[in-house]
Amino acid sequence: MGVQDLQDHVLVQCDFEIFGQVQGCGFTKFCRDNCLGLGIKGWVKNSKQGTIMGKMQGAKGDVGKMVDWLSKTGSPGCKIEKAEFTNWGTCSRLAFTDFAIRF
């Protein structure tokens, strides 16, 4: 196992907000399903401002895959204009037990 492999397994966390035509297209469900598949914990929800907001925690490599998905791919039919990722940090353990859609 090389240095990069070890770095990919460090636990990280961040908040995210996705802008554009991202509500009404199943974005939160696809986000949850992708996070669950990668073993990422946290939550996602539709905001009153028309964006998607959430928090994710997991292995750095897996969170990086979700950052890419949230920034470029999204759910079918969505149009992502901008993705912001804030409050980055490492964590010694996960604060969430699953990845949930919040209302």
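**Valine 22 and the rings of this predicted model**

Valine 22 is buried in this predicted model, with a relative accessible area of 1%.

Me: Why is valine 22 called buried?
Reply: The word applies to residues under 20% relative accessible area, and valine 22 has 1%, so valine 22 counts as buried. Its place is the loop between β1 (11–21) and α2, and, leaving aside residues up to four places away in sequence, valine 22 touches Phe27, Gly50, Thr51, Ile52, Cys78, Lys79 and Ile80.

Me: What makes phenylalanine 27 and tryptophan 69 an aromatic pair, and why is the pair called tilted?
Reply: Ring centres have to lie within 6.5 Å to pair, and these two are 5.3 Å apart, centre to centre. Planes under 30 degrees apart would count as stacked and those over 60 as edge-to-face; the angle here is 50°, which leaves the pair as tilted, because the rest are given that name. By this rule the count comes to 1 aromatic pair.

Me: Which parts does this pair tie together?
Reply: Phenylalanine 27 belongs to helix α2 (residues 27–38) and tryptophan 69 to helix α3 (residues 60–73), so the pair ties together parts that are 42 residues apart in sequence. Both phenylalanine 27 and tryptophan 69 are buried.

Me: How do you know that the charged end of lysine 82 sits over the ring of phenylalanine 19?
Reply: The distance limit from the ring centre is 6 Å, and the charged end of lysine 82 is 4.5 Å from the centre of the phenylalanine 19 ring. Lysine 29 likewise lies over the face of phenylalanine 30, at 5.7 Å from the ring centre.

Definitions and conventions:
Residues numbered from 1 in each chain as written. Predicted model: local features only at pLDDT ≥ 70, side-chain atom pairs only at ≥ 80, totals over all residues. Heavy atoms only, no water. Phe/Tyr/Trp six-rings, centres within 6.5 Å; stacked < 30°, edge-to-face > 60°. Helix = DSSP H or I, 4+ residues; strand = E, 2+ residues; numbered from the N terminus. Buried < 20%, exposed > 50% of the residue type's maximum accessible area, 1.4 Å probe, protein only. Lys NZ or Arg CZ within 6 Å of the ring centre and 35° of its normal. Contact = heavy atoms within 4.5 Å.
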